[in-house]
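Trainee: I should like to go through the terms used for this protein and see how each one is justified. May we take them one at a time?

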Amino acid sequence: MAPGKYARVDGRRSSSRYCSTVAIMVFVALCLVGVWMVTTSSMVRFQNTDVSLESENKVKTHTTDSKSENNDDNDNIDNSSNVAGGSHELTDDGKSNQFEDNAGDLTENETKGDTDRNSNQEEKNENSEENETDNKEKKEDKLKESSKDENTEDGSENGEDGKSQMANKATGSVEMERNSDDGEKESEKKTNEMKDGKRESQIDESVVINKDEEIDHGSFAKNNSVELLPSGSESEILNEYSTQNGSFSTQATESANENEAQKSSQLESQYVYSWKLCNTTSGPDFVPCLDNWAEVRKLPSTKHYEHRERHCPDNPPTCLVPLPERYMHPIEWPTSREKIWYHNVPHTKLAEVKGHQNWVKISGEYLTFPGGGTQFKHGALHYIEFIQESVPGIAWGKHSRVVLDVGCGVASFGGFLFEKDVLTMSLAPKDEHEAQVQFALERGIPAISAVMGTKRLPYPGRVFDVVHCARCRVPWHIEGGKLLLELNRLLRPGGFFVWSATPIYRKLPDDIGIWEAMKKLTEAMCWEVVSISKDEVNRVGIAVYRKPTSNECYEQRSQNDPPLCQNSDDPNAAWNVPLQPCMHKVPVALSERGSQWPEQWPARVDKTPNWLLTSQVGAYGKPAPEDFAADNEHWKRVVNKSYLNGLGIKWSTVRNVMDMRAIYGGFAAALRDLNLWVMNVVSVDAPDTLTIIYERGLFGIYHEWCESFSTYPRSYDLLHADHIFSKIKARCSIMALVSEVDRILRPEGNIIVRDTVKIISELENIFKSMQWDIRMTYSKNKEGMLCAQKTMWRPKDEETIQYAIA
């Protein structure tokens, strides 16, 4: 090397002496440094230490008095180190990131202790002579670069040439390192990739399965098998993941969720929820669509019970219905079938009028129900068994599972059919038989306020296994049998119509005339008379008819009266559709619903209907049979792993349940072993899957959630709302729906909401403003879940609903 090229600034040593020193030093020091470079992914920075501890007294670094010169020196050394090692990075404050804990940066060998490193260094020194030579050359280059920087800073004439040589030698160092360590680096790279992949997988899994952090632990029961939400998008709603203890979410997820929550909170804080009591003529029994007196007064006629049909206001109420005085938590099933609290339904008219028929009686602070009715004074259970004896093929709870009871009274018939494993949809109008449906619901028996007037009932065609009428006061024979033809639409081919009425067994002129008219009408409808028998205990007669299973009889009639419906007439169309005095043909093709009777209960509940074809697209986008099966398994997991154990709900107190957005009835099917019943509601703007629900041996109803439901206040113990609020918000007032939820939910009843995070956050604030108890909230991937319990709280101010004042 040229004399003076590596001379010290103070001139105390010559260039030849300096080179000799370097030659001696390198052999000892760079062995360790070279091995260190191989076994670690980062180089030790030269500006903080000398070449090695062993050479501390042989080579000294130059310290300048100028702060700016020292900074420049550090920058140059760092750049050289980055080129050679490829792993140094500086943070904003100039410190190295060398020791930051980055997932996937460290290999297994690099995490060993100092003892292992020393052992590896000795082994390397003994077995790698070629690496020593390479490392010696690299170290010489480094020292020359450092010395050249010093000379350049002091204005050496060879500054520019020195910079060029420094860059070249640094590049050469990189090449030498790559050549010597190529095999080992490749191995380390593969090891790192494998470890990185494993770490990434573990991190992703933590994000999915860690759910406890966002749960309100005050009310949420910890359980290793709890499941809460599926994946974020609704198209993937069938995919659930189980919660596992010991997993942690990422800071990115936690921060993103918190930011979203704060944004929603800031937005919602702008709104002040102010509640008032609804001041109406009906008071605690207010049903908006049935108590719209302003519309009823405008009706030109009431001869077809038009005044008992639905007349919904344009703007649904957003006030809260008051509670009856001295209201108490309802008596639990099955005790409630026999008695309820008088002050919960403080009506005595039925007890006065129908007490002798054992409908209902007053007994102190209770209303009691002996189980009787107009046609079965001595109890509904005997009456039910008598029907079975008269028509063995009816096979309660096996062949016959879903029943429609028209003119149900207090629904004792349906209440005692539960013992036979039969579900009964009981209906009666809100009329002079005061609160009959309200009594039924308070007892824990399914019922709906409805009337057979001018419109079809809100059920699809061919779904009920049995239709029952016991002195239901419906004039079936008038106007061409229009009302009986509506029952024909609802009755499954091969299903039974059980009629218990005075024309069957009395000989009064009116009764005889009705009986003759009914015989003529049912014969023209091709209904087969299965049995006409007399119950000696109740001293009543019962006629049982059976709907045909083929079109042969229709084709052989001498007169087309009642006429067959047009092919364009859809028997499933039932929402605000006028009654038609015609009959629909019976489906006969195997691929058509209704051509075959479902399997016996309970096998039918999990059976995919044979008429669901793979060519059909299901509600979630899969082929219909796959969609059905996936939904069924999904709700089994959710109910068993989350709802039954994880929400803090006391299920023994739950009797009346509503699924506000049922798809295939999977939620109801998953609850079938509990002592409760589920009203499955299919929205009129959703895919029409209600026929599938009935095929499974479950029941439900069509409804438009922009309007109030046809039930009394305080009807249900539990509401299940799966993405109904977000769908309604796009069409009508979410506050009106919240008010409706409050109306139909019993105090101390619960609601489970699954919806978007934004909706969940909004509902949480609304429910809190109503003084509800928030049992649990949870969110993941923009999807949220909320469980809340209604309280006894009612506001003090009132709002008069003008259309509801009689």
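Mentor: The following exchange sets values from this predicted model against the definitions behind the terms.

Trainee: What makes up the chain in terms of helices and strands?

Mentor: The chain holds 21 helices and 19 strands. Of its 806 residues, 51% are buried. Among contacts between residues at least 6 apart in sequence, 72% join residues at least 24 apart.

Trainee: Why is Thr711 called buried or exposed?

Mentor: Buried means under 20% relative accessible area. Thr711 has 1% relative accessibility, so Thr711 counts as buried. Thr711 sits in the loop between strand E14 (700-703) and strand E15 (716-722). Setting aside residues up to four places away in sequence, Thr711 touches Val287, Leu441, Tyr716, Arg743 and Ile744.

Trainee: Leu441 belongs to the residues of H11. What makes helix H11 a mostly covered helix?

Mentor: In H11 (residues 436-443), eight of its eight residues are buried. They are Gln436, Val437, Gln438, Phe439, Ala440, Leu441, Glu442 and Arg443. After H11 comes Gly444, with a positive phi near 95 degrees.

Trainee: Which residues other than glycine have a positive phi, Asp421 being one of them?

Mentor: Asp421 has a phi near 65 degrees, and Glu479, also not a glycine, has a positive phi of about 50 degrees. Asp421 lies in the loop between helix H10 (412-417) and strand E6 (423-428). Glu479 is in the loop between strand E8 (464-470) and helix H12 (482-490).

Trainee: How do you know whether Asp421 and Glu479 are buried, partly exposed or exposed?

Mentor: The partly exposed class lies between the limit of 20% for buried and the limit of 50% for exposed. Asp421 has 40% relative accessibility and therefore counts as partly exposed. Glu479, with a relative accessible area of 42%, is therefore partly exposed.

Trainee: Where are the cis peptide bonds from Trp333 to Pro334 and from Trp601 to Pro602 placed, and what omega do they have?

Mentor: The bond from Trp333 to Pro334 has omega near 10 degrees, and Pro334 is in the loop between helix H7 (293-296) and strand E2 (339-341). The bond from Trp601 to Pro602 has omega near 10 degrees. Pro602 is in the loop between helix H15 (552-556) and helix H16 (624-646).

Trainee: Which residues touch the most other members of the largest nonpolar core?

Mentor: That core has 118 residues, and Tyr459, Trp476, Phe497 and Phe725 touch the most other members. Beyond its neighbours within four places in sequence, Tyr459 is in contact with residues including Leu404, Met425, Phe464, Arg489, Ala574 and Tyr702. Another core, of 20 residues, lies apart from the largest one and has Phe376, Val403, Val422 and Val466 among its members.

Trainee: Why are helices H20 and H21 called oblique to each other?

Mentor: Two packed helices are described by the angle between their axes and the distance between the axes. Helix H20 (residues 734-744) and helix H21 (residues 757-769) pack at about 55 degrees, with axes 12 Å apart. Angles under 35 degrees count as roughly parallel, and 65 to 115 as roughly perpendicular. The angle of about 55 degrees fits neither class, and H20 and H21 are therefore oblique. H20 passes H21 in a right-handed crossing.

Trainee: Which residues form the contact of H20 with H21?

Mentor: Ile734, Met735 and Val738 in H20 meet Ile759, Glu762, Leu763, Ile766 and Phe767 in H21. These residues divide into seven nonpolar, no polar and one charged.

Trainee: How do you know whether Leu763 is buried or exposed?

Mentor: Leu763 has 0% relative accessibility, and the limit for buried is under 20%, so Leu763 counts as buried. Leu763 touches Phe725, Ile734, Val738, Val753 and Leu786, not counting residues up to four places away in sequence. The C-alpha atoms of Leu763 and Leu786, 23 residues apart along the chain, are separated by 8.5 Å.

Trainee: What makes Val391 a buried or an exposed residue?

Mentor: At 3% relative accessibility, set against the limit of under 20%, Val391 counts as buried. Val391 is in the loop between helix H9 (380-390) and strand E5 (402-406). Residues up to four places away in sequence aside, Val391 touches Phe496, Val530, Ser531 and Val544. Val391 and Val544 are 153 residues apart along the chain, with their C-alpha atoms separated by 7.8 Å.

Key. Residues numbered from 1 in each chain as written. Predicted model: local features only at pLDDT ≥ 70, side-chain atom pairs only at ≥ 80, totals over all residues. Heavy atoms only, no water. Core = buried A, V, L, I, M, F, W, Y, C linked by side-chain atoms within 4.5 Å. Buried < 20%, exposed > 50% of the residue type's maximum accessible area, 1.4 Å probe, protein only. Contact = heavy atoms within 4.5 Å. Axes fitted to C-alpha atoms, helices over the stretch in contact; angles between N-to-C directions. Helix = DSSP H or I, 4+ residues; strand = E, 2+ residues; numbered from the N terminus. Parallel < 35°, antiparallel > 145°, perpendicular 65-115°, else oblique. Left-handed = near helix turned anticlockwise from the far one by under 90°. Nonpolar A, V, L, I, M, F, W, Y, C, P; charged D, E, K, R; others polar.
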